[in-house]
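Here is a friendly walk through a structure that you can keep open beside this text. Have the viewer ready and follow along.

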Amino acid sequence: MNLHEYQSKRIFAQYGIPIPRGEVASTPTEAREIAGKLGGKVVVKSQVLVGGRGKAGGIKLAVDKDDAEEKAKAILGMDIKGLTVKRVLVDEAADIKDEIYLGLVIDRARRRVVMMGSSEGGVDIEEVAATMPDKIVKVAIDPCIGFRSYQAMDLATALGIPKELTRSFGQIASGLYTAFVENDATLAEINPLVVTGDGKLLAVDGKMSIDDNALYRHKALADLRDPSEEDPYEVEARRFDLSYVKLDGNIGCMVNGAGLSMATMDMIKLYGGAPANFLDIGGGATAERVAAALRIILSDQNVKTVLINIFGGITRCDEVARGIVVALGEVGVTTPMVVRLVGTNEAEGRAILADAKMDPATTLAEAAQKAVAASKA
Amino acid sequence: MSILVNKNTRLIVQGITGREGMFHAEQMIAYGTNVVGGVTPGKGGQWSVGVPVFDSVRDAVRATEANTSIIYVPAAFSPDAIMEAVDAGISLVICITEGIPTLDMVKVRAYVDQSDARLIGPNCPGLITPGQAKVGIMPGHIHIPGNVGVVSRSGTLTYEVVAALTARGIGQSTAVGIGGDPIIGSTFIDILQLFEEDPETEQVVMIGEIGGTDEEEAARFIRDHMTKPVTGFIAGQTAPPGKRMGHAGAIISGGKGTAAEKVQALEAAGVRMAKQPTDIAELVAANIGR
């Protein structure tokens, strides 16, 4: 789960990381009031969960409160990469002398949390990684020992942090690590970490992602989830414990198991079609969950045909078939469907579906070919 | 021969009185796996599916001389269950549970690495040596004994491939599901090495997917250390970047972990890559008797 900039920075502040003064507004009037309170120049920043807000015109500098109201008016309601801006963060404008990148990720190959720093702050770190990889300094952190001050010193030296700021930098780096671990983050970054004109460090922008699997022990963070920022189909799928990812094609897919789901999509592509979604109904799915899955697939207007591919192990083909029948009864579908049921209770499953108008397939290749043909009919 | 599990496996089931644990314990016993006991804290002294239940892994090991443990406990308790098994001297721990927080696994993996124990999973289907021991949730009947080693990050996709091998009469030495999480106990390299050393394994099938760099590292290992033929497949060629495809570890992030990169690395290491999973059995068949 991704957090908004203002949410991430509020968490950082709890761990002693200095952030600009500022508040969130959802109307231009509120933005004006906040700017008035802050006094001086402010930055009006759209709060949407996508990168490239600045380039899209979603971040603007305002000279006073009147200007802040104008800028907020322009930004609120704006569309950035398909998301509507509903809130802006009004922050005191920083006097930027230098910009640094500081971030934490879980490095899968090293099996460690890794702190990354770069003197090239303020730009996309992936871009830096691609074009100037030697500009990124990495420090791996032992999970049993934690982040040590010598590691902060190493980073400070490599990043060219002025001597008088190394102590402050150490506190920020250590605070960021603690924030990362205590909140079960998968990403925490300050970009940029600014050296101000009056010689202080300030986390001007921030980003955090929280491990979905750990939300059960972070109730307050789980409550921050904003379903209006997510694909409505994906929100609905989560309600039924289904893994669903919306794609651009027209062949709806319902499969059990993540690997087989991906392989089924790949087969569709290989035979010249385009999958409309990834959907894994999981192991041992009930008829109710299967019905929900089919409803979600069919509510996508792009879907011209549906491919159901089930390799029964703990998942029982008869249970899947019952779910399909329930869903068909509810929505009265005319969409052509190709179904392949193999494994546990496959004969019972096929018998249940005998009356439904579905095209049976025996092999995965046959199923994919039939679905692609139907999608082009 | 085979790797990791066989007739000498003495298995305990952690979480044996739970719904999943009990169901799969029964299935494993029915397959012929030597299940010697189970563990559920607070239920020591009871019996479940015909085997004794113990309060702790330590008690179970003392009474049964178990050498392998399989874990079916909820994600919140799994890290503890893994470490308890390792601490009690179990040499092979298989964790089926899905949904363990990644930072918990960072710690668990560091702990396991300090011991002599081996961890398979989490978020995996387990492993099977056909005709000897099924330690997992896979349908046993689709496997037959033979000489092809199978290693995979996936569950059902592996069943699909194994069933196709079996349909051609090609048996498996051992099939190992290493799991779909970002941090897992045993990686491709660990299992490939065991297959390379196992005299009964003549060739290997490796099924990877998007996310991480395990396949790329495996490619280097295959190039430098493997003499047996390897046939491969990578799932997720159509997966969009930045989205988790079911498995917590199946995500292309920062442009890294794409199927194309992995296919290229494996091909360069001499692995015969299948364009679709249904081609694997044919590629394997072509290697037999060479």
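Let us begin in a loop: Asn345(A) sits between strand E18 (337-343) and helix H12 (346-353) of chain A. Helices (H or I, at least four residues) and strands (E, at least two) are DSSP runs, numbered from the N terminus. Phi of Asn345(A) is near 60 degrees, a positive value in a residue other than glycine. Asn345(A) has 18 other C-beta atoms within 10 Å, so it is partly exposed. A residue is buried if 20 or more other C-beta atoms lie within 10 Å of its own, exposed if 12 or fewer, and partly exposed in between, with C-beta atoms placed from the backbone.

A word on the model and its labels. This is a predicted model, in which local features need pLDDT of at least 70 and side-chain atom pairs count only at pLDDT 80 or more, while totals for chains, interfaces and linings use all residues. Residues are numbered from 1 along each chain as its sequence is written, and chains are lettered from A and ligands numbered from 1 in the order in which they are written.

**Chain A**

Chain A holds 13 helices and 19 strands. Its C-alpha atoms fill a box of roughly 75 × 50 × 40 Å along the principal axes. Of the 377 residues in chain A, 49% are buried. Among contacts in chain A with a separation of 6 or more, 69% join residues 24 or more positions apart. Two residues are in contact if their C-beta atoms, placed from the backbone, lie within 7 Å.

Another positive phi in a residue other than glycine belongs to Asp184(A), near 50 degrees. Asp184(A) lies in the loop between helix H6 (166-182) and E11 of chain A. Asp184(A) counts as buried because it has 20 C-beta neighbours inside 10 Å. Strand E11 (residues 185-196) of chain A contains Pro192(A), and the peptide bond from Asn191(A) to Pro192(A) is cis, with omega near 10 degrees.

Which residues does Met115(A) touch, not counting residues up to four places away in sequence? They are Leu104(A), Val139(A), Ile141(A), Leu155(A), Ala173(A) and Tyr177(A). Met115(A) belongs to strand E9 (residues 112-118) of chain A, and it counts as buried because 25 C-beta neighbours lie inside 10 Å. The C-alpha atoms of Met115(A) and Ala367(A) are 46 Å from each other, with their positions 252 residues apart along the chain.

**Two helix pairs**

Two packed helices are described by the angle between their axes and the distance between the axes. Here, axes are lines fitted to C-alpha atoms, for helices over the stretch in contact, and angles run from 0 to 180 degrees between N-to-C directions.

| Helix pair | Axes come within | Crossing angle |
|---|---|---|
| H9(A) (residues 258-270) and H13(A) (residues 364-375) | 9 Å | roughly 55 degrees |
| H6(B) (residues 188-197) and H7(B) (residues 214-225) | 9 Å | roughly 25 degrees |

Angles under 35 degrees count as roughly parallel, over 145 as roughly antiparallel, 65 to 115 as roughly perpendicular and the rest as oblique. H9(A) is therefore oblique to H13(A), and H6(B) and H7(B) are therefore roughly parallel to each other.

In the chain A pair, Thr264(A), Met267(A) and Ile268(A) of H9(A) meet Leu364(A), Ala365(A), Ala368(A), Ala371(A) and Val372(A) of H13(A). That contact has seven nonpolar residues, one polar and no charged. For these classes, Ala, Val, Leu, Ile, Met, Phe, Trp, Tyr, Cys and Pro count as nonpolar, Asp, Glu, Lys and Arg as charged, and the others, Gly among them, as polar.

In the chain B pair, Phe188(B), Ile189(B), Leu192(B) and Glu196(B) of H6(B) meet residues of H7(B) including Ala218(B), Phe221(B) and Ile222(B). The contact of H6(B) with H7(B) comprises six nonpolar, one polar and four charged residues.

**Chain B and its partner**

Chain B is divided into domain 1 (11-120) and domain 2 (138-287), with bounds from an automatic or database domain assignment. Taken over C-alpha atoms, the centres of these domains of chain B are 26 Å apart. Contact between them involves 10 residues of domain 1 and eight residues of domain 2 of chain B. On the domain 1 side, H4(B) gives the most, with five residues.

The contact between the chains takes 46 residues from chain B and 44 residues from chain A. On the chain B side, H4(B) again appears, with the largest share at six residues. That side divides into 22 nonpolar, 17 polar and seven charged residues.
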